[in-house]
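Trainee: I am new to this structure and would like a close look at one part of it. Could you walk me slowly through how the pieces pack against one another?

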Amino acid sequence: MSRDRNDEGRPRQSRPRDALGRPLPYGATGVEPVSEDPLPPLETVEEARRLLREGRPFSAHEVLEARWKAAPSPERDLWQGLAQVCVGITHLARGNETGGRRLVERGGERVGAYQRTGGPTYGLDLDEVLAWARGPHPGPPTG
């Protein structure tokens with residue numbers, strides 16, 4: 001089957017996926033897809049937290065990735081780092097311990113770089129996110 005595209009010819013998500021973002025066969029029932037359009041920063045944080053609470057770190061990553069790609073340059077490390085942490089959580093949940101830890105650590109480094117700029121945190125506790133990214137990973141951060 002050819003790759004799914006939108007009216008502008010860009011790839012789009014139309015194949016159903018499970019809660020960890022794994023593709024399911026066409027016609028299967030998967031989780032509700034998230035919008036590919038970026039949300040405002042506070043809504044992005046709220047939606048990513050909700051998705052993490054629901055055990056959907058891959059979807060949280062997609063929400064954060066959309067914000068990262070639309071964010072002003074000074075904020076990109078924050079959003080990209082958070083997206084990397086969430087995709088790392090996805091890999092950990094899928095059993096990919098090495099890849100998951102590397103992505104979480106890489107994301108934590110970006111969040112730390114952003115924190116040092118003193119930019120807005122949009123209600124996030126970046127110290128908590130960083131502590132979680134540097135430690136053992138029993139479950140997703142709540143910050």
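Mentor: Happily! For helix packing, an axis is a line fitted to C-alpha atoms over the stretch in contact, and the angle between two axes runs from 0 to 180 degrees, taken between N-to-C directions. Please keep in mind that this is a predicted model.

Let's get our bearings. The protein chain has 5 helices and 0 strands, and its elements run α-α-α-α-α from the N terminus on. Of its 143 residues, 41% count as buried. The accessible surface is about 8,100 Å², with 49% of that belonging to carbon and sulfur atoms.

Now for the packing itself. Two packed helices are described by the angle between their axes and the distance between the axes. Let's start with helix α1, residues 41-53, and helix α2, residues 57-70, whose axes lie 8 Å apart at an angle of about 170 degrees. Angles over 145 degrees count as roughly antiparallel, and α1 and α2 are therefore roughly antiparallel to each other. On the α1 side, the contact is made by P41, T44, E47, A48, L51 and L52, and on the α2 side by P57, S59, A60, V63, L64 and R67. By class, these residues divide into 8 nonpolar, 2 polar and 2 charged.

Next, follow α2 to its contact with helix α3, residues 76-93. Here the axes are 8 Å apart and the angle is about 165 degrees, which makes α2 roughly antiparallel to α3. The crossing of this pair is left-handed. From α2 come P57, F58, A60, H61, L64, E65, R67, W68 and K69, and they meet R76, W79, Q80, L82, A83, C86, V87, I89 and T90 of α3. The residues of this contact divide into 11 nonpolar, 3 polar and 4 charged. It is worth finding L64 in the view: this α2 residue takes part in the contact with α1 and also in the contact with α3.

Further along the chain, look at helix α4, residues 97-115, and helix α5, residues 126-134. Their axes come within 9 Å and cross at roughly 150 degrees, and these two helices are therefore roughly antiparallel to each other. α4 passes α5 in a left-handed crossing. The meeting residues are V104, E105, G108, V111, G112, Y114 and Q115 in α4, with L126, D127, V129, L130, W132 and A133 in α5. This contact has 8 nonpolar, 3 polar and 2 charged residues.

Between those two helices there is a detail to stop at. Most residues other than glycine have a negative phi. In the loop between α4 and α5 you will find Y122, whose phi is near 55 degrees, a positive value in a residue other than glycine.

Finally, step back and ask how parts that are distant in sequence come together. Among contacts between residues at least 6 apart in sequence, 47% join residues at least 24 apart. For a pair to look at, take E46, which sits in helix α1, and L124. These two are 78 residues apart along the chain, while their C-alpha atoms are separated by 9.8 Å. E46 has a relative accessible area of 60%, over the 50% cut-off, so E46 counts as exposed.

Definitions and conventions:
Residues are numbered from 1 along each chain as its sequence is written. This is a predicted model: local features need pLDDT of at least 70, side-chain atom pairs count only at pLDDT 80 or more; totals for chains, interfaces and linings use all residues. Side-chain values use heavy atoms; hydrogens and water are left out. Helices (H or I, at least four residues) and strands (E, at least two) are DSSP runs, numbered from the N terminus. Angles under 35 degrees count as roughly parallel, over 145 as roughly antiparallel, 65 to 115 as roughly perpendicular and the rest as oblique. A crossing is left-handed if the near helix is turned anticlockwise from the far one by less than a right angle, and right-handed if clockwise. Contact means heavy atoms within 4.5 Å. Ala, Val, Leu, Ile, Met, Phe, Trp, Tyr, Cys and Pro count as nonpolar, Asp, Glu, Lys and Arg as charged, and the others, Gly among them, as polar. Buried means under 20% relative accessible area, exposed over 50%, partly exposed in between (1.4 Å probe, protein chains only). Accessible areas come from the Shrake-Rupley method with a 1.4 Å probe; for residues, only the protein chains shown count as cover.
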